[in-house]
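Student: I should like to learn how the features of a structure are read. May we take them one at a time?

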There are 2 protein chains.
Amino acid sequence: MIKSAYMKKLAAQPLYKQVIREVMAAVEAGEWQEDESLPSEVELGQRFGVSQGTVRKALDVLVADSILYRRQGVGTFVAGMSDFLMRGRFALLTDPKGETAKIELLGCVRIHAGEQLAEILGLRRGAALWQVRRLLRVSGQIVGLEELLLPEANFPELEMRRIRELKGNLRELCWRDFGVRLQDGETRYRAVSAGSAEARLLQVELNEPLLQLVRLAKDFSGKPQVWSVAWLKTEQLAFEPSVTG
Amino acid sequence: MIKSAYMKKLAAQPLYKQVIREVMAAVEAGEWQEDESLPSEVELGQRFGVSQGTVRKALDVLVADSILYRRQGVGTFVAGMSDFLMRGRFALLTDPKGETAKIELLGCVRIHAGEQLAEILGLRRGAALWQVRRLLRVSGQIVGLEELLLPEANFPELEMRRIRELKGNLRELCWRDFGVRLQDGETRYRAVSAGSAEARLLQVELNEPLLQLVRLAKDFSGKPQVWSVAWLKTEQLAFEPSVTG
DNA sequence: TACAGTCTTATATAAGACAAAAGATACAAT
DNA sequence: ATTGTATCTTTTGTCTTATATAAGACTGTA
């Protein structure tokens, strides 16, 4: 990290942003496990050559992104469950006891991009893509279905084996194995009817309404890298709202 | 220094949280108009008797809530359009040209809380509620339907007239006319089938999938104040994702 | 054992010094 | 008159230091 005024000038980025990147890289490299505490803010400050307050400002961002969480007087911890779908303000995929979703691989095949998909991912028509399909379970119950599309050019050695080893954190895999560091994109929420394939895989009735999440994840240069779509069973509420009259 | 539970109880909130409340109150009181700049952080610091950094920390929160926005070297401004549905990360209700939704009042009637609704709002069973129903339009097209439920006890003079005058900012009305200052609650996203009432009002087919947003807004003491449910037509995407095979 | 103090270590808050960005102003060159 | 440029002022942005608060571990005592 930055140790001198000269280096600082070269860096051309605020210190706390550099700290964000360093900490993020360390998290993605698995330096600390889920729910394991990071070094204290003071220690991290020493490590990066900045003050506690600067480390704190960096961690603020990662906490807001729910990549980390904090407990006053105790420490700062790596938040569990940081896959695409789970990340962020999304509370649907945890059951009442707070259990996190388990991911089950359904398949990984090589396909060719149609016109629209090619445009979305910034590729030429017919470019090779990996299509990964996974099932999400909470407490054993199927809650959702996820489909990922990744350009083969950027993920050359993607194989079932690597995906199978993946515990759920696609970001980490992308970074460690392919050198692709992903940002989150905006997620669009939609309501759709279950088609025959969705109904079969999710074990619901045909045309049952499903919550659909559509997301395009880009790398830090802004280039699209992963197109992901998820279908989620609608959660039950204690009180089912409806319009009367 | 004597430390006792009594002293602790007396101990004030952190300064920056007090500043948040002061600034929020001023915004809601209309001290500055939309897109009008607030006094500088230094001036606000003098006004509240705190440092610029403390004011800044307070404004950080309001900026994160998109109640304010900032431009370096220029100033801090009041953000427009802060109704429940529009607030936050929710991009569904703006059309491609960025037009904001218009709200059309459908009705406002007095009902009695059922058991579950009473529990949600922290009231006794049968307590009087105002039920407000509104239609959301973008570029004239119907895009959604919203139902609000407010305890009559907290909104004693609620009338059609006042609601009709409302341009869309329920928070401001609650504060100005009823002295109720609202926080946003968590929004739950669900997919539901259109019932007969929803289908008629939204002019869609029966059982068409709709995106449902369910939210409980509380005041700053944590007491539930507004239960809101919205049904939104699903937006069309250029590329309609589906699972094949 | 139960309980109350105290120590240690962590995050949380606050203030102040300084940097960077964006306009505004002044003024010279054309 | 207009254009360009340097500089001044105001505003937000960054960073450090000092101190407060919270949580758990430890310790002595009834």
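Student: With which side chain does the side chain of Glu147(B) make a polar contact?

Tutor: A polar contact is a pair of N or O atoms within 3.5 Å; within protein, one must be able to donate a hydrogen and the other to accept it, and residues adjacent in sequence count only if both atoms are side-chain atoms. Here the side chain of Glu147(B) makes such a contact with that of Arg133(B), at 3.0 Å. Please note that this is a predicted model, in which local features need pLDDT of at least 70, side-chain atom pairs count only at pLDDT 80 or more, and totals for chains, interfaces and linings use all residues. Residues are numbered from 1 along each chain as its sequence is written, chains are lettered from A and ligands numbered from 1 in the order in which they are written, and side-chain values use heavy atoms, with hydrogens and water left out.

Student: Is Glu147(B) buried or exposed?

Tutor: Buried means under 20% relative accessible area, exposed over 50%, and partly exposed in between (1.4 Å probe, protein chains only). Glu147(B) has a relative accessible area of 9%, and therefore it is buried.

Student: In which strand does Glu147(B) lie, and which residues does Glu147(B) touch?

Tutor: Helices (H or I, at least four residues) and strands (E, at least two) are DSSP runs, numbered from the N terminus. Glu147(B) lies in strand β5 of chain B. Contact means heavy atoms within 4.5 Å. Not counting residues up to four places away in sequence, the residues that Glu147(B) touches include Trp227(B) and Trp231(B), and also Ser242(A) and Val243(A) from chain A.

Student: What can be said of Glu147(A)?

Tutor: Glu147(A) is found in strand β5 (residues 141-151) of chain A. Its relative accessibility is 8%, so Glu147(A) counts as buried. A polar contact of 3.0 Å joins its side chain to that of Arg133(A). Among the residues that Glu147(A) touches, with those up to four places away in sequence left out, are Ser242(B) and Val243(B).

Student: How many residues of each chain are in contact where chain B meets chain A, and how much area do the chains bury?

Tutor: The size of an interface is often given as the accessible area lost when the parts come together. Buried area is the accessible area (1.4 Å probe) that two parts lose on being put together, summed over both. In this model, 41 residues of chain B are in contact with 41 residues of chain A. The two chains bury about 3,400 Å² between them, 56% of it on carbon and sulfur atoms. On the chain B side, Arg190(B), Phe239(B) and Val243(B) lose the most area to chain A, together 21% of what that side buries.

Student: How many salt bridges and polar contacts does the rule find across the interface of chain B and chain A?

Tutor: A salt bridge is a side-chain nitrogen of Lys or Arg within 4 Å of a carboxyl oxygen of Asp or Glu. Across this interface the rule finds zero salt bridges. It finds two residue pairs in polar contact, both at pLDDT 80 or more.

Student: Which element gives the most to the side of chain B that touches chain A, and how does that side divide by class?

Tutor: The largest contribution, six residues, comes from β7(B). For the classes, Ala, Val, Leu, Ile, Met, Phe, Trp, Tyr, Cys and Pro count as nonpolar, Asp, Glu, Lys and Arg as charged, and the others, Gly among them, as polar. That side of chain B has 22 nonpolar, nine polar and 10 charged residues.

Student: Which residues come nearest to DNA strand D?

Tutor: A residue is near a molecule or strand if one of its heavy atoms lies within 4 Å of it. Of the 24 residues around DNA strand D, Leu15(A), Ser51(A), Thr54(A), Arg56(B) and Arg70(B) come nearest. Of the strand D atoms within 4 Å of the protein, 77% belong to sugar or phosphate and the rest to bases. A backbone N or O atom of Ser51(A) lies 2.9 Å from a phosphate oxygen of strand D, and a polar backbone atom of Tyr16(A) lies 3.0 Å from a phosphate oxygen of that strand. The surface near strand D has six nonpolar, 12 polar and six charged residues.

Student: Which residues are closest to DNA strand C?

Tutor: Among the 23 residues that surround DNA strand C, the closest are Glu41(A), Arg56(A), Leu15(B), Thr54(B) and Arg71(B). Sugar and phosphate account for 80% of the strand C atoms that come within 4 Å of the protein. Phosphate oxygens of strand C lie 2.9 Å from a polar side-chain atom of Arg70(A) and 3.0 Å from one of Thr76(A).
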